[in-house]
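Colleague: Could you take me through one part of this structure up close? I'd like to know what sits around it, in plain words.

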Amino acid sequence: MQTISLFQKTSHQESGFYALFLTNRIQMLYYMIVMPSALVQPYMLLAIVAMGIASQFCLYMLSKWFATSYSAQGYQGFERLFGKTGIKILALASLPLLLLKISFISVSYADIMQKFVFPSMGREWHIVFPFILSCYLALFGMENMVRFVTVVFIGTIWIFLLYIPFFLVKSNSIHDLYPLIPIGPEPFAWKSLLLVFSSLSGPEFLIAISYWLNPQRKMLKYLTIANAISVGEYLFISIATLLFYGSKYLPTIKYPNVEIGRYLQSPVFERVDIILISAYMFSFLYSIALLVLMIYGASRLLGKTRTSTTRIGLIVSGCAAMAVTLPISKWFWEPGLDQAFWLDLQMWTGSASYLLVPLLVWIAIKRKARTTS
C-alpha cells in the first residue's frame with residue numbers, strides 16, 4: 001500500500017479561527033439529536049448559561065496548553081511532558097472515548113435519517129455509507145481536515161437562522177417562558193446540567209491536534225468566542241422550540257428541533273426539514289473523519305510510532321470504529337432502556353473527559369514548570 005503523509009504539517013500560519021470553528025462545530029454535534037427534548041422547562045434555559053460558564057473554565061485550562069511550547073512540538077512535546085509510558089497510557093485511555101463518541105453520534109444521526117429521509121432503508125446502511133465518506137475525507141490528512149472546518153462552519157452555522165420565524169408567531173408570549181426559577185424541587189434536574197455540559201464537550205480533543213493549529217497565546221480569545229456562539233445557538237433554538245411546542249407538549253417529541261422544520265414554508269423546497277438534516281451532515285461527516293484520524297494516531301502511539309502512515313492503516317481504523325458502531329445499532333439501540341443507557345453513558349464520559357483532560361494537562365504543565373525551575 002502506498003505511503004502517505006496523513007500527519008504532515010506544511011503550513012505555519014496563525015490558525016486561531018480554525019480553533020474557533022472546530023470548537024463551535026464540535027460543541028454543536030449533540031444538540032440537534034438529544035437536547036431540546038431534555039430541556040423541556042423554561043428554567044432549564046439557565047442550565048445552558050450555567051454550563052456555558054463551566055465550559056469556559058475548561059477552555060481556560062485548555063488555553064494554557066496552547067500557550068506552552070509543548071503544544072507546538074507535536075509528539076516530542078507530549079513526550080517531554082508525559083514521557084513515553086504516559087503517552088501510551090493516554091492513547092490507550094482515549095480509544096474507548098473516541099469509539100463511544102463516534103458510535104453515539106453515528107447511531108443517533110442514522111436514526112434521524114431513517115425516520116425523516118429514508119424510512120424504508122435499514123438504519124445500519126445509514127451508518128455504513130457516511131463512514132465510507134468520512135474515511136475518504138480523512139485520507140486527505142490532518143492538516144487539510146483542520147482547514148476544511150472553515151467550509152463546515154460556513155455550511156452549517158446558518159441553520160439556527162431557520163428558527164427565526166418561530167419567534168415571530170403572533171400567539172407567542174413572554175409568559176410562555178415562565179417560570180425561569182423552578183417553583184418546587186425537580187427530580188433529576190442535575191441530569192439536565194450533565195446533558196448540557198456533555199453536549200459542550202469535545203474541545204478537549206483539540207489537545208491531540210494542537211500541532212496543526214499552530215498554537216498561540218491568544219487562543220483563549222478564539223475559544224471564548226466559539227463557546228459564546230455555541231451557548232447562543234443553544235439558547236436560540238431552545239427558546240424557539242419552547243415557544244412553538246410549549247413545555248407540556250415538548251417532552252412527547254423525540255426530535256423537536258427536526259420536527260419543527262416540517263412547519264417551515266418555502267416557495268422553493270417542500271421539505272425544509274430534509275434540507276436541515278442534509279446540511280447537518282457536513283458537521284457529522286467531518287467529525288467522524290477527524291475522530292477516525294485521532295483513532296489512527298492513538299493506535300500508532302501504542303505501536304511503532306516511527307513507521308510511516310498508510311491508507312490501509314487509516315481504513316482499518318475506520319473499519320474498527322464501524323465494527324463497534326454497527327452492533328450497538330443492531331442489538332443495543334432500541335427505544336427505551338437501551339437508548340437511555342447509551343445516552344447516560346455518553347453524558348458521563350463526555351462530561352468527565354471535558355473536565356479531567358484539560359485539568360490533567362494543566363496540572364502536568366504546572367508540575368513540569370516547578371521541576372524545571
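**A close look at Glu 143**

Modeller: Let's start with Glu 143, which lies in helix 5, the stretch covering residues 142-156. Keep in mind that this is a predicted model. Is Glu 143 buried or exposed? Its relative accessible area is 13%, and because anything under 20% counts as buried, Glu 143 falls in the buried group.

So who are its partners? Setting aside neighbours within four places in sequence, Glu 143 is in contact with Gln 8, Lys 9, Thr 10 and Ser 11, and also with Trp 212.

Two of those names come back when we look for empty space. Searching the whole structure turns up four cavities of 30 Å³ or more. The second largest has a volume of about 80 Å³. It is lined by 10 residues, and those closest to its centre are Ser 11, Glu 143, Arg 147, Trp 212 and Asn 214. Helix 5 supplies three residues, the largest share of that lining. Sorted by class, the lining of this second largest cavity holds three nonpolar, four polar and three charged residues.

For another helix to look at, try helix 1, residues 16-27. Of its 12 residues, 11 are buried, so helix 1 is largely enclosed by the rest of the structure. Among the buried ones are Tyr 18, Phe 21, Asn 24 and Arg 25. Its length checks out too: at 1.5 Å a residue, helix 1 should span 16 Å, and its end C-alpha atoms are 17 Å apart, which agrees.

Terms used
Residues numbered from 1 in each chain as written. Predicted model: local features only at pLDDT ≥ 70, side-chain atom pairs only at ≥ 80, totals over all residues. Heavy atoms only, no water. Helix = DSSP H or I, 4+ residues; strand = E, 2+ residues; numbered from the N terminus. Expected span 1.5 Å × (residues − 1). Buried < 20%, exposed > 50% of the residue type's maximum accessible area, 1.4 Å probe, protein only. Contact = heavy atoms within 4.5 Å. 1 Å grid on protein atoms, 1.4 Å probe; cavity = no way out; pocket = protein on both sides within 12 Å on 5 of 7 lines; lining within 4 Å. Points joined across faces, edges and corners; volume = space filled by probe spheres on them. Nonpolar A, V, L, I, M, F, W, Y, C, P; charged D, E, K, R; others polar.
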